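Open the model in a viewer and keep the sequence panel visible. The stops below are given in the order in which to select them.

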Amino acid sequence: MGSVKTKAKGRVSGSTGRFGPRYGRFIRKRVREIEVISKATHTCPRCDNISVRRVGTGIWECKKCQFKYAGGAYVPVTPNLKIALRAIERTVKEG
């Protein structure tokens, strides 16, 4: 007999297991994806250490150099900011 491991109830949904069957599968999946990103440590734009944590909505702080800055609500660098930084860098190279 082969051993088939099954996941325990609630393990599949991760941190959104607290919602139980409420709100639907796709909403719980989106919440889980956002929580995984927002609770992770990110790279500091000033000292390049992986020690940036979310303090509040849109507020990020590096635990290493105490640099506090505004970013996205759930991610420190939003896609629009990446586009803007790329455009600025391109302009600086041309000029």
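Helices (H or I, at least four residues) and strands (E, at least two) are DSSP runs, numbered from the N terminus. This is a predicted model, in which local features need pLDDT of at least 70 and side-chain atom pairs count only at pLDDT 80 or more, while totals for chains, interfaces and linings use all residues. Residues are numbered from 1 along each chain as its sequence is written, and side-chain values use heavy atoms, with hydrogens and water left out.

**Stop 1: the sheet**

Select the four strands, which form an open antiparallel sheet in the order β1-β2-β3-β4. Two strands count as paired if DSSP finds at least two bridges between them. At the edges are β1 (42-43) and β4 (68-70), each of which pairs on one side only. Now keep β3 (residues 59-62) and β4, an antiparallel pair with three bridges. Across this pair, Glu-61 faces Lys-68 of β4.

**Stop 2: residues 44-65**

Colour residues 44-65, where UniProt (unreviewed entry) places the feature "zinc finger region: C4-type". UniProt positions are given in the numbering used here, feature names are shortened, and annotations may be inferred rather than shown by experiment. The span is 50% strand and 0% helix, and its end C-alpha atoms are 9 Å apart.

**Stop 3: four cysteines**

Show Cys-44, Cys-47, Cys-62 and Cys-65 as sticks; the UniProt annotation "binding site" (unreviewed entry) covers these residues. They spread over 22 residues of sequence but cluster in space, with a largest C-alpha distance of 8.7 Å.

How many disulfides are there? With a disulfide taken as a pair of cysteine sulfur atoms within 2.5 Å, the count is zero. For Cys-47, the nearest cysteine sulfur is that of Cys-44, 3.6 Å away. Cys-62 has its closest cysteine sulfur in Cys-65, and because that distance is 3.6 Å, the two are too far apart for a bond.

Select Cys-47 alone, in the loop between β1 and β2. Contact here means heavy atoms within 4.5 Å; leaving out residues up to four places away in sequence, Cys-47 touches Cys-62, Lys-64 and Cys-65. Move to Cys-65, in the loop between β3 and β4. With residues up to four places away in sequence again left out, Cys-65 touches Cys-44, Arg-46 and Cys-47.

Is Cys-62 buried or exposed? Buried means under 20% relative accessible area, exposed over 50%, and partly exposed in between (1.4 Å probe, protein chains only). Cys-62 is at 0% and therefore buried. Cys-47, at 26%, is partly exposed, and Cys-65, at 30%, is also partly exposed.

**Stop 4: the nonpolar core**

Keep Cys-62 and add Cys-44, Val-52, Trp-60 and Tyr-69 to show the largest nonpolar core, which has five residues. Such a core is a set of buried Ala, Val, Leu, Ile, Met, Phe, Trp, Tyr and Cys residues joined through side-chain atoms within 4.5 Å. Neighbours within four places in sequence aside, the contacts of Cys-62 are Cys-44, Cys-47, Ser-51, Val-52 and Phe-67.

**Stop 5: two positive phi values**

Most residues other than glycine have a negative phi. Select Tyr-23, in the segment before α1 (25-38); its phi is positive, near 75°. Tyr-23 is exposed, at 54% relative accessible area. End on Asp-48, in the loop between β1 and β2 (50-56). Its phi is also positive, near 60°, and Asp-48 is exposed at 57%.
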